[in-house]
Amino acid sequence: MEEFLTLLLAGISVGAVYGLIAIGLNLTFWTTKTMNFGQGSVMMLCAMLTATLIARGWPQALSILAALGIIVVLMVFTETYTVRPALKIEGSMGWAVSTLGVGIVLQGCAALWFGSQALAFPDIIFSAIDDVVVFGVHVSLQYIAVLVLALALVVVFELLVRGTVWGRAMRAVSMDSDLASVIGIPTRTIVLGSYIGSGILAGVSGILVAQIGGTVDPAFGFELVIFGFVAAVLGGMGSTTGALVGGIVAGVLQQMVGGYISSAAQHGMAFALLILILVVRPQGFFGQREIVKV
Amino acid sequence: MLEIRDLIVSYGAIEAVRGVTLTAAPGAITAIVGANGAGKSSLLRAITGLAPIKSGSVLLDGKDITKLPASRRAELGLAHAMEGRRIFRQLTVEENLQLAWQFGRRRNAWADALERVFVTFPILKDKRRVQAGLLSGGQQQMMIVSVATICNPSYLLLDEPSLGLAPIIVQEIYTFFTERCREDGTTVLLAEQMAALALKVSEHGYVLRQGRVVREGPSKELVDSGLVAALSSAYL
Ligand SMILES: Nc1ncnc2c1ncn2[C@@H]1O[C@H](COP(=O)(O)OP(=O)(O)O)[C@@H](O)[C@H]1O
Ligand SMILES: [Mg+2]
């Protein structure tokens, strides 16, 4: 029972982070129907930079902010040089190759700068061994903290999107970008903003996952971005609630298969179930079938 | 004054507008008529910055705006009611209007702007909290022209405002923008397949065929020359 609950909490907690990653992917998917295939490297870079700066004696908060600042610059570069040129040509898939390319180059650079073995990631709030006992079950505080942070970020994100002028402008761009620009919404700024937002969500996710795992290496983001993608598709591409639910389902599945069956089968089984779910519900849990425009 | 000089719009291999020069007289309605596919929408979309301009220029009050992004043109007082019922379906009527007001050239207070819309189209007041996608076609068109005029634009481009609407609604929409033009001195560029309708309310007209201006002149003269009959027979 204790093992089950531990796996469940781990699954929900990591799953909420997958949800955050998925929300980041959704964000650019809304505005441009594109996404950063190099997002895994963004997570890795942010976590690695944070770990390195903290190791050099920088204060933790400052290290995180500096890492996120570098991510913002990186996303501006990505949007300007890999996405915007491709968007000028209808139906171009150039962005897929270029964003993936940037990701791979970054991974290579990280291996050069930091070496290819794993860096230890420092404990930021709780350490892996901190726990509380609830009804006789040991509950990891780190998982709780990650879960709470991830959920808080989802809420903040929703408030920004629903409650602010710029959030509404972004939804407008996602619904009809021509109409949005005709009424005066600076669509290019919105697209750039969506890439920056997406990068920040990815960077924070990277830090949260590295915190749980305790280490980060150049290949760190690859698996994460796949689970983020799974969360987005499972939840229904574009839906925020869907991303969170999809992420948690994927996270719990992964933990349960890893804990009870075999950790080698973890990915294979999780994906097999995923395919099954998508056969039954191709639009995902919360996706709406595209209504054909008249 | 809105001027277009030697404008060429091309979508890859397709040239939709092939060297059009025209002037929309200040404070008047200018009609662009022509069959389906003549290039009317492409011309209007080039003026707002949506269609790819290959060469030529668009001048607003003598200022070359050819290279400006669409959102900057809106700030200059250019508004465009596009064809095909373009609205934000999932947003409510009021949210659609508010978004256009917030990002447009804001010169009027929101309450006044909204009040003016509701006085003109009272039905929109009843439907203000309804998702725009759920409105009837006529109500959507009323909202579209209200969105386009909420910031009192100096220039208003209208693309097929009558398409698919009941005659009584067409009447209402036409009355709306002819009065707006008269009251506010708005310069209107009206693209219509229904040549008879457009030439009746406009002062000047241009006839477009395969991307070129094949005739132009005072609307009355175009009507008298039997153009309307010629254009209508071209559809059949
Ligand atoms: N986005 C587009 N891509 C390719 N061709 C287009 C596009 N829009 C319009 N066209 C073509 O340009 C020509 C003019 O179309 P359009 O400007 O819509 O004319 P109208 O509004 O007079 O019906 C047509 O041949 C049409 O097929
Ligand atoms: Mg048209």
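Which backbone nitrogen does a side-chain oxygen of S239(A) reach at the start of α10(A)? The first legend answers this, and the others turn to the ligand, a pocket and the cavities. The model is predicted.

**View 1. The start and span of helix α10 of chain A.**
The partner is the backbone nitrogen of G242(A). A side-chain oxygen of S239(A) comes to within 2.8 Å of that nitrogen. The helix itself covers residues 240-261, which makes 22 residues. From its first C-alpha to its last, α10 of chain A reaches 31 Å. That is close to the 32 Å expected at 1.5 Å a residue.

**View 2. The residues around ligand 1.**
The shell includes Y11(B), I14(B) and A16(B). A35(B), N36(B), G37(B), A38(B) and G39(B) also belong to the residues around ligand 1, as do K40(B), S41(B) and S42(B). By class, the shell has five nonpolar residues, five polar ones and one charged. The largest share of this shell comes from α1(B), with three residues.

**View 3. Oxygen atoms of ligand 1 and their protein partners.**
Three distances are picked out here, to N36(B), A38(B) and S42(B). In the side chain of S42(B), an N or O atom is 2.5 Å from an oxygen atom of ligand 1. In the side chain of N36(B), an N or O atom is 3.1 Å from an oxygen atom of the ligand. For A38(B), the partner is a polar backbone atom, and the distance to a ligand oxygen is 3.2 Å. On its own, ligand 1 has 560 Å² of accessible area, and the protein covers 63% of it. Two elements of chain B give two or more residues to the shell: β2 (14-24) and α1 (40-48).

**View 4. The second largest pocket and its lining.**
About 450 Å³ of space lies in this pocket. Its lining counts 18 residues. Nearest the centre of the pocket lie L27(A), F157(A), L160(A), G193(A) and G197(A). Chain A supplies two or more lining residues from each of α5 (141-163), α6 (165-175) and α8 (187-213). The most come from α8(A), which gives eight. Twelve residues of the lining are nonpolar and six are polar. None is charged.

**View 5. The largest cavity, lined by residues of chains A and B.**
The structure holds three cavities of 30 Å³ or more. The largest has a volume of about 260 Å³. It is lined by 24 residues. I183(A) is among those nearest the centre, together with A79(B), A100(B), V147(B) and A148(B). From chain A, α7 (177-182) gives two or more residues to the lining. From chain B, β6 (78-81), α3 (93-103) and α6 (137-149) do so. The lining has 18 nonpolar residues, four polar and two charged.

**View 6. The second largest cavity and its lining in chain B.**
This cavity holds about 70 Å³ of space. N108(B), A113(B), R116(B), V117(B), T120(B) and F121(B) are among the lining residues. S146(B), T149(B), I150(B) and N152(B) line the cavity too, as do F176(B) and R180(B). In chain B, α4 (110-120), α6 and α7 (167-184) each supply at least two residues of the lining. The most come from α4(B), which gives four. Five lining residues are nonpolar, five are polar and two are charged.

Conventions: Residues numbered from 1 in each chain as written. Chains lettered and ligands numbered in written order. Predicted model: local features only at pLDDT ≥ 70, side-chain atom pairs only at ≥ 80, totals over all residues. Heavy atoms only, no water. Near = heavy atom within 4 Å. Polar contact = N/O pair within 3.5 Å; in protein donor to acceptor, adjacent residues only side chain to side chain. Areas by Shrake-Rupley, 256 points an atom, 1.4 Å probe, with all protein chains shown as cover. Nonpolar A, V, L, I, M, F, W, Y, C, P; charged D, E, K, R; others polar. 1 Å grid on protein atoms, 1.4 Å probe; cavity = no way out; pocket = protein on both sides within 12 Å on 5 of 7 lines; lining within 4 Å. Points joined across faces, edges and corners; volume = space filled by probe spheres on them. Expected span 1.5 Å × (residues − 1).
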